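Reader: Could you take me through one part of this model closely, and then set out what the aromatic rings do elsewhere? I would like a connected account rather than a list.

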Amino acid sequence: MKNFKVTILSKGKKSTQIVQAVNKMSAMKLAKKNNPGKIVQKAVETKESVNSGLDGIIAGMKKSFEPKIDINNKISAIRQLAVMTDAGISIHDAITEVAENVENPKLKKIYENIGSDINAGKSIADSIAPYSEEFGHVTIAMTNLGEKTGNISGAYAKLSTILEDIRDNVKKFKKAIKGPIITLIAMAIAFTILIMVVVPKFKAMFEKFDSALPIPTQILLFLENILTNYGVYVLGGLFLIIFMTLRQYKNDKKFKYKLDKILVHPKFYLIHKIIFFSTMHKYTLVFGELVKSGIPVSEALDTAVDMVDNSYIKEKLLSVNANIARGISLSDAFEQTGLFENMLLQMIRAGETGGQLDAMLGKVTEYYDSRFQDLIDNLASYIEPIMLFFIAGLVLLMALGIFMPMWDLGKAVK
C-alpha cells in the first residue's frame, strides 16, 4: 500500500486528502467513492502518512529529528540540472549524473528514486511530487513550468535563482534577529540565576518577620518555587506544547487555517507583514514567469497557488481562478481577494488592457520584494521597542521584588 495525496475540487475550492491505495488509479477511485458529487482532479504519490495517535506522534518525533537537506546542496544540484539539460542531455541522464555526484546522502537517494520513476515512464513533476517537503512548493511549481513550456533548463535556472534569493533572505533574517535573540537569552539566564540564587536568601530573611510582602516579591517567590520544585517539568511541558502545536499545525487543516489566519492578522505585530509580503512575492513571481512563458492565465494561477503555504492566503487566491471561470477579469478577481493594494490593481488592470500583463506582474513582484527586503533590513529597529519593554519589565520586577520589602524591613524589625 502506498500513500497518495488526492486533490479534490468542490464549488470552486480545492482540498487535499491522503489516501492509501495500491496505485494512482485505485487512489482516485477510492477518493471518488469517499467524496460523492465532488471532482477528483489528480492523485500524487506522497510520503505523508495517515498515521494517528501514538504511532503518529512517534513517527512525527522521529521525522522532526531527521537532518534536513542543506539548501546549498539543493541549489547546486538544480544548477547542474539546468546546465546539463541546456547542453542537450536528457533529464533522466542529467538526474542520474547529479545523483552520482551529490554529497548529501539523503538528497542522493531522492534523486536516485526520481531517476528510477522517470525511467519507468513518470513525468518529472509526478516523480518529484512525493518530495515536496524536501524541495518546497517553489521547486514543484517551477518543474511544472518547465514541463509545460518544454524548457526545463530555463525553469531550473530561474528556480536556482529563486532559491538563492530565499537563502539570502533567510541569512539576512537570521542575522537581523541574532542580536535580539542573544540579548533575550542573556536576560533570561540572568533572571533565572537571580531567581534561583538571590531570591532564596531574601526569602529566608523575609520569613523571619511576620509581615505582608508586596506583590512583586510574591511573584518572585512564586517563580522561585516553581523553578526549584518543578523546573524540569516546566521545560518538558513547554517542549511538549511546542511539539504538539507544530504537529497539529502540520496535520490538522482546520487548526492550520485558524493559526495561519491569526499570523497574517494586522494586529499580529510585524510577523503578519513578513509572512504576507514573502508569500505574495513568491506567488506573483511564479505566476508572472508562467504568464511570460505563454502558459494560459488559468493554468498559471493553479500552478502558482500551489506554492502558497499560508492556508488563509491560499484560500483567497484560490477564489481568483473560480471568478475568472465566471468571466471576471484578472484585476477584478484579485480585487475581490482583498490582498492587493489599489496601486497594484491599477498596474495589473493596465497590463491586461495594454497586453503587457507579464511586464506589470514583474513590477508587482518587484514591489513585494522591495517591501519584504525593507522589513528584513530594518528588522532590528522594529524589534527594539519590544526588546526594551521586555527588558524593562524584568528589571522592574526584580528591583521592586527585592527592594520594596527592604524599605519596610526596619518597620518589620521594630
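Author: What follows looks first at one helix and its two ends, and then at the aromatic pairs. The model is a predicted one, and the helix in question is H14, which covers residues 311-325. With 15 residues at 1.5 Å a residue, H14 should span 21 Å, and because its end C-alpha atoms lie 22 Å apart, the computed length agrees with that expectation. At the N-terminal end, asparagine 310 acts as the cap of H14, with a side-chain oxygen placed 3.1 Å from the backbone nitrogen of tyrosine 312. Tyrosine 312 is itself among the buried residues of H14, which also include Ser311, Ile313, Leu317, Leu318, Val320, Asn321 and Asn323. Beyond the helix comes glycine 327, which follows H14 and has a positive phi, near 100°.

Turning to the rings, a search of the whole structure finds 10 aromatic pairs. One of them joins tyrosine 111 and phenylalanine 135 in an edge-to-face arrangement, with 5.8 Å from centre to centre and 65° between the planes. Tyrosine 111 belongs to helix H5 (residues 105-119) and phenylalanine 135 to helix H7 (residues 132-135), so this pair ties together parts that are 24 residues apart in sequence. Tyrosine 111 has 3% relative accessibility and therefore counts as buried, and phenylalanine 135, at 5%, counts as buried too. Ring pairs also link Phe276, Phe277, Tyr283, Phe287, Phe334, Phe340, Tyr367 and Tyr368 into a cluster.

Note on methods. Residues numbered from 1 in each chain as written. Predicted model: local features only at pLDDT ≥ 70, side-chain atom pairs only at ≥ 80, totals over all residues. Heavy atoms only, no water. Helix = DSSP H or I, 4+ residues; strand = E, 2+ residues; numbered from the N terminus. Expected span 1.5 Å × (residues − 1). Buried < 20%, exposed > 50% of the residue type's maximum accessible area, 1.4 Å probe, protein only. Polar contact = N/O pair within 3.5 Å; in protein donor to acceptor, adjacent residues only side chain to side chain. Phe/Tyr/Trp six-rings, centres within 6.5 Å; stacked < 30°, edge-to-face > 60°.
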